[in-house]
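User: I am new to this structure and would be grateful for a close look at a single part of it, set within the chain as a whole.

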Amino acid sequence: MQTSKMRRKVVPTAADGESADKLDQLLLSAAVCNGEDLGPFVRKAFTSGKPETLLHHLRHFARSKESEIEEVCKAHYQDFIIAVDDLRSLLSDVDSLKSSLSNSNSQLQSVASPLLASLDSFVDARNVSRNVALTLDSVRTCVQLTELCSRANLHLSANNFYMALKCLNSIERDYLAKTPSSTIRRMLEKHIPAIRSHIERRVNKEFGDWLVEIRIVSRNLGQLAIGQASAARQREEELRMKQRQAEEQSRLSLRDCVYALEEEEDDLLGGIGDEGTNGYSNGGNGMLGFDLTPLYRAYHIHQTLGLEDRFKQYYFENRKLQLTSDFQVSSMTPFLESHQTFFAQIAGFFIVEDRILRTGGRLISKMEVENLWDTAVSKMCSVLEDQFSRMQTANHLLLIKDYVSLLGVTARGYGYPVDALLDVLSKHRDKYHELLLSDCRKQIAEALAADKFEQMLMKKEYEYSMNVLSFQIQTSDITPAFPYVAPFSSTVPDCCRIVRSFIEDSVSFMSYGGQLDFYDVVKKYLDRLLTEVLDGGLSKLINTSIHGVSQAMQVAANMAVLERACDYFFRHAAQLSGVPLRMVERSRRQFPLNKARDVAEEMLSGMLKQKVDGFMTLVENVNWMADGACSNSGSQESFTRSAFSHIRDDCGSFTWGIKNQAPLLSETEANQLKTALAEARQLSNLLLSNHPENFLNPVIRERSYNALDYRKVVIISEKLRDQSDRLFGTFGTRGYKQNPKMKSLDALIKRLKDVN
């Protein structure tokens with residue numbers, strides 16, 4: 001047992017007055033005792049040039065320590081002598097113990113000999129037992145291994161690859177290392193990798209077949225999903241139509257009404273493979289079964305084989321290649337015929353990917369699906385840009401836009417962003433409306449060219465509803481008797497149908513395009529249609545195709561009806577756009593057909609002036625003195641009668657036109673013109689009647705001739721009297737029988753003169 005003593009640090013002390021040499025010696029001794037570095041002392045000695053002093057001090061220190069060593073050795077020697085004495089006494093005790101042990105050993109061997117023989121027999125028996133147990137364990141292991149191999153073969157035969165792999169893993173983990181037969185071990189080591197390779201090939205083949213099948217299923221699935229979105233939109237439109245009808249009826253009705261719109265709770269794509277999202281789901285229970293079992297089976301098998309990452313990469317690359325092939329647009333087929341298949345294929349692709357993302361157990365990540373969607377959106381946008389730039393038919397643009405918007409609704413239902421697609425549709429809004437305006441310009445030109453300027457005859461109530469009530473151009477809420485002669489010609493409902501179709505197409509293009517408030521856009525293009533197309537067409541028609549008062553009056557009547565129709569157009573656009581009617585009625589605008597109305601007013605005014613000038617010329621050119629024989633008096637009378645008949649008919653036409661042309665004239669002007677024409681018409685009726693003396697009857701005069709001045713009647717009547725008596729006396733009229741009408745006219749003149 002070793003003991004260690006702590007060394008105390010020696011601090012040199014020196015009395016006052018000691019020499020420097022004595023102090024250096026003490027410092028050196030203290031440094032050596034404390035185990036300090038002697039380098040400073042050596043340097044100092046050589047620096048001062050006194051190395052002999054340092055050697056002297058060291059020798060002095062060594063001699064001082066030798067005495068201490070000697071004292072220590074003496075003390076240890078005494079301890080050693082005492083220890084040797086103790087050992088000698090111990091040797092005698094050991095000898096006695098050795099003899100005692102030898103005797104005990106002899107006795108033990110004599111007693112244990114029979115026991116050793118029994119022990120040898122026991123050891124032999126135990127070895128035999130161990131060998132038998134080891135043999136039984138080996139046989140049991142071989143039996144279990146054989147059963148596992150047989151079970152693995154059965155699973156392989158039944159194409160139950162996962163269970164076959166589980167059997168192989170169990171063989172490797174539990175039996176391969178402890179198989180007693182080296183032959184069996186080598187056989188297993190050879191066949192297990194081959195079986196795994198076989199399973200991998202079979203699963204990859206099934207996965208490849210699924211990839212081919214899922215493309216067809218995706219197209220059908222996309223068509224079904226978009227069809228359901230279309231049905232949902234149709235139901236929504238029907239609900240809106242019912243709501244608009246209810247609002248309109250409530251607005252027009254004087255009694256309070258309560259309307260309830262029943263709304264069906266219907267999921268957008270309910271039933272399309274909508275299973276749970278936990279774990280794996282094959283998606284085969286929907287309205288259109290798409291089986292994901294081969295995919296998930298292949299994924300699970302590769303997970304079991306430890307090839308999960310490789311299969312994920314393999315799956316993603318193959319699906320990306322499929323999506324790339326879906327982007328191909330056939331140049332042999334018009335895009336209008338193939339666009340539904342094109343978009344349905346892409347929609348079905350991402351419906352399947354959404355299901356795999358939610359149920360595939362991390363087979364594909366959300367980031368990868370989003371990257372694929374971004375690629376698809378970019379490609380679809382480029383295809384739409386290219387195809388829209390080539391299209392020159394508004395209806396084609398509308399068809400594709402509607403299907404793309406349905407695709408957007410379907411994709412948004414699965415959480416995919418579609419803003420880029422909607423931006424492309426909004427970008428081509430102006431082109432669509434320009435094409436639509438061009439189509440409407442042709443249709444309106446054809447409708448105006450086919451107008452016969454005849455009042456429209458409606459024989460059935462459905463014709464009245466289709467041509468009048470549907471455009472709200474009726475003047476009364478009372479249904480007229482049939483057959484009904486409308487004040488307008490057939491071109492009015494034809495143009496109304498064209499404008500209404502334009503509004504509906506415009507709203508249809510603007511609806512579901514990402515822009516909620518699009519009434520201002522629809523109104524802008526509706527203004528262009530009315531002011532540029534319809535107004536321009538009517539102006540051209542009036543300037544080039546109107547010949548005669550009846551046609552001008554018919555066009556004027558059409559203008560009055562079209563003004564009411566224009567109010568309906570803006571209300572209809574507001575209803576379809578979801579804008580309250582009170583806002584539209586609050587912001588009423590001017591009549592958009594101002595140009596055509598001004599042209600019609602100018603033409604009517606010109607015709608009226610022309611007729612008045614003609615009447616004045618006719619009066620000036622009439623030869624009131626008979627130049628021929630008395631036999632010509634009949635011809636003169638016939639001519640006069642025809643002139644007054646023409647005047648009466650023209651006055652009647654102008655009066656009817658004024659009655660139906662409130663927009664063209666102010667109320668005061670219309671009343672003045674009607675009064676002036678009424679006087680001419682009543683005078684013509686009086687002079688053409690068979691009993692002019694009826695003018696003297698106060699009742700008849702108030703009812704039929706209230707606008708006539710009897711002084712003017714006397715003057716005109718005297719002009720129409722037979723002039724022969726005044727020229728030739730009784731000689732010229734001998735044998736001539738006076739007309740009874742002239743007798744009545746003479747009596748009227750005489751009575752009026754008496755009154756005067």
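The answer should concern the region around helices H8 and H9. Where does Arg 355 lie, and is Arg 362 buried or exposed?

Analyst: The account below begins with the chain and then turns to the region requested.

This is a predicted model, in which local features need pLDDT of at least 70 and side-chain atom pairs count only at pLDDT 80 or more, while totals for chains, interfaces and linings use all residues. Residues are numbered from 1 along each chain as its sequence is written, and side-chain values use heavy atoms, with hydrogens and water left out.

The chain has 24 helices and 2 strands; helices (H or I, at least four residues) and strands (E, at least two) are DSSP runs, numbered from the N terminus. Of its 756 residues, 34% are buried, where buried means under 20% relative accessible area, exposed means over 50%, and partly exposed lies in between (1.4 Å probe, protein chains only). Contacts, defined as heavy atoms within 4.5 Å, often join distant parts of the sequence: among those with a separation of 6 or more, 75% are between residues 24 or more positions apart.

The confidence of the model is expressed by pLDDT, the predictor's confidence in each residue, from 0 to 100. The chain averages 75, and 76% of the residues score at least 70. Among the elements, helix H9 (residues 366-390) has the highest mean pLDDT, 90, and helix H23 (residues 724-732) the lowest, 40. For residues 254-271 the pLDDT stays under 50, and the model has 24 contacts beyond four places in sequence for this stretch. Residues 273-281 are also below a pLDDT of 50, with 26 contacts beyond near neighbours in sequence. Where pLDDT is low, the predicted coordinates should not be read in detail.

The region requested may now be followed along the sequence. Arg 355 belongs to helix H8 (residues 335-359). This arginine counts as buried because its relative accessible area is 4%. Between Arg 355 and Leu 292 there are 9.2 Å in space, C-alpha to C-alpha, although the two are 63 residues apart in sequence.

Arg 362 is placed in the loop between H8 and H9. In contrast to the buried Arg 355, Arg 362 is exposed, since its relative accessible area is 65%. The backbone of Arg 362 has a phi near 65°, a positive value in a residue other than glycine.

Helix H9 contains Gln 387. With a relative accessible area of 12%, Gln 387 is therefore buried. Leaving aside residues up to four places away in sequence, Gln 387 touches Val 329 and Phe 335.

For comparison, another loop, between helix H13 (461-467) and strand S2 (484-485), holds Pro 483. The peptide bond from Phe 482 to Pro 483 is cis, with omega near 5°. Gln 472 lies in the loop between H13 and S2 as well, and has a positive phi of about 55° although it is not a glycine. Gln 472 is classed as partly exposed because its relative accessible area is 28%.

A final reference point is helix H4 (residues 161-175), whose 15 residues should span 21 Å at 1.5 Å a residue; the end C-alpha atoms are 20 Å apart, which agrees. The expected span is 1.5 Å times one less than the number of residues. The buried residues of H4 include Phe 161, Leu 165, Leu 168 and Tyr 175.
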